[in-house]
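Visitor: I'd like a close look at a single part of this protein, the charged side-chain pairs. Could you walk me through them and then set them in their surroundings?

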Amino acid sequence: MHIINQPFEENIGHYLEKFLNEDYNNFYFMVAYAKNSGVLRLLSHMEGFKANGGKIKGIIGIDQFNTSIEAIENLLDISDELYIYYNESPTVTYHSKVYLFDKENSRAQLFVGSSNFTAGGLYTNYETNVYSEFDLKNPQQKVTVSQVLDMFSLYSDIQNNCCKKVDKELISNLISKNYIKSENDLKIKKTDKEHTGETGKNRKETKLFGIERFYPPTVEKKVHQKNTKNKKVKEIRNNESKLKEKNRTSAIKRVFTSLGEYNCEGMRNSVVQPTLDKFEAKDKTYSYKELYVDNNNRKYSLDMGIISPNEDGNYQLTEIGEMLWEDINKFPEIFQNQLLNYSKLNKDTKELLYPYRALFRVFEEIEELTKLEFLYTLYILKDTRDSSIKTAIENIKEIKSNYPDPEALDKKEKIKVLDEYNRKFNVPFEYDDVWTTERTTYNQFLYFKRHLLSFSTTFIDDKRRFVITKIK
């Protein structure tokens, strides 16, 4: 780990230039603000990176008019994927500053700190950044890089209405609804904004993005007299504080996991089609390295049953893979079939668990499933025997009867529910596991929801983030 003390000793911009000219597969950036002053200084290096086969993927914020139209347009032209993350709430700002280079199964370079994608942020401002190099052959070091990639996936999830994938139409909408301004306008407006406090979040017209609400810890007033009620309130707040932890990984050891994070279209376009494109003929075989496209395509193609290893250690198309190689339009039906055939091995019992079959069994008895019900009944399953599914259904019905709308509960009630069901089901869920979107628990619920929505005649997206709904 190395501290970059900019501008006195060095700057992050020169590091990014250096690694853009090396043989990395991917360059990721997550920044709050971007201006042409920063983008243009790295543009030729990014063009060279792309010419050498590298991929560029980014997420940018647009709060407080600190990202310009020109910067977004130039980043859209050079990036393979570009997203904007914006929360309409006036109290929450997308404020990340993260840069990552990775080379498959080899090494990665990570920068986390205060530098935005601007000339000042990259070269001349007083900025502090931590730079770390990782050996991806080391399992422990690889975990950290995977966490950063998981974070990128979280903020680039367009199922979340705070995230939009950038295209020319979105840029036009952002301009017309006064979310972003030109570089020239920003120079003119800077003084006015400082005096008026203009941030853009007071616009009254139809909003393009959603709202996620987060709350800082409560600042308690000093009380000079003893008060039993205040003591209880303080105790509740302290309990909640203890339950919150920064680590996104849940403490639950689980077997009930989804087949990746992509929906049907994403699995086809981002995983299966790029893998199939590697095969010049359907009877050819390739090494695992030769099939590399990005961090996901090979693993999920294996999980989907598209490719399989042969006796020589190379990989070939399966019968399903050959069908899709000949006609990719068959993918939606095959995707549904593979979900139902997908299984996970419980290493402790050596027993296969079928998560999607279990979900369909559950939906024979209920019409909707909340995240709370999912976590305390299905997420903790160790097998999918008939008796286990029956018990899960009974527990879902009990939770539904006790808490029909769990997201409407206040904080005190949520802590009570957490304690009640942790004791009942003997599990160590934490507050963030159950009640926020910050942990893998939420991701798994979201991924299963995406996959069930591929069965469009059975499930419907009613836009509630914490509920999966069957068509009545």
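Guide: Happy to. A salt bridge here is a side-chain nitrogen of Lys or Arg within 4 Å of a carboxyl oxygen of Asp or Glu. With that cut-off in hand, please keep in mind that the model is a predicted one.

R439 and E430 make such a salt bridge, and their closest N and O atoms are 3.2 Å apart. Are these two residues buried or exposed? Both R439 and E430 are buried. They also have company: a network of salt bridges links E430, D432, D433 and R439.

Next along the chain comes helix 18, made up of residues 440-452. Its cover is easy to describe, since 13 of its 13 residues are buried. Its length can be checked too. The expected span of a helix is 1.5 Å times one less than its number of residues, so the 13 residues of helix 18 should span 18 Å, and the end C-alpha atoms are indeed 18 Å apart.

Now for other charged pairs. A search of the whole structure turns up 24 salt bridges. One of the pairs joins E365 and K397, with 3.4 Å between the closest N and O atoms. This pair ties together distant parts of the chain, 32 residues apart: E365 sits in the loop between helix 13 (355-363) and strand 13 (368-370), while K397 belongs to helix 15 (residues 386-402). How accessible are the partners? For the labels, partly exposed lies between the buried limit of under 20% relative accessible area and the exposed limit of over 50%. E365 has a relative accessible area of 46%, so E365 is partly exposed. K397, at 39%, also counts as partly exposed.

Helix 15 takes part in another such link. The side chains of K400 and E373 meet in a salt bridge at 3.0 Å, N to O. K400 lies in helix 15 and E373 in helix 14 (residues 371-377), so to speak distant parts of the chain, 27 residues apart. Here the two ends carry separate labels: K400 is partly exposed because its relative accessible area is 23%, whereas E373 has a relative accessible area of 0% and is therefore buried.

For a contact of another kind, turn to helix 9 (residues 264-276) and helix 12 (residues 331-341), whose axes come within 10 Å and cross at roughly 100 degrees. Angles of 65 to 115 degrees count as roughly perpendicular, so helix 9 is roughly perpendicular to helix 12. Which residues meet there? From helix 9 come C264, M267, R268 and V272, and from helix 12 come F331, P332 and F335. The residues of this contact divide into six nonpolar, no polar and one charged.

Stepping back to the whole protein, there are 18 helices and 15 strands. Of its 472 residues, 49% count as buried. Among contacts between residues at least 6 apart in sequence, 72% join residues at least 24 apart. The pairs E365 with K397, 32 residues apart, and K400 with E373, 27 residues apart, are salt bridges that reach across such separations.

One last stop is S44, in helix 2 (residues 36-51). S44 is partly exposed, with a relative accessible area of 48%. From S44 to I78 the C-alpha atoms are 9.9 Å apart in space, and the two residues are 34 apart in sequence.

Definitions and conventions: Residues numbered from 1 in each chain as written. Predicted model: local features only at pLDDT ≥ 70, side-chain atom pairs only at ≥ 80, totals over all residues. Heavy atoms only, no water. Helix = DSSP H or I, 4+ residues; strand = E, 2+ residues; numbered from the N terminus. Buried < 20%, exposed > 50% of the residue type's maximum accessible area, 1.4 Å probe, protein only. Axes fitted to C-alpha atoms, helices over the stretch in contact; angles between N-to-C directions. Parallel < 35°, antiparallel > 145°, perpendicular 65-115°, else oblique. Contact = heavy atoms within 4.5 Å. Nonpolar A, V, L, I, M, F, W, Y, C, P; charged D, E, K, R; others polar.
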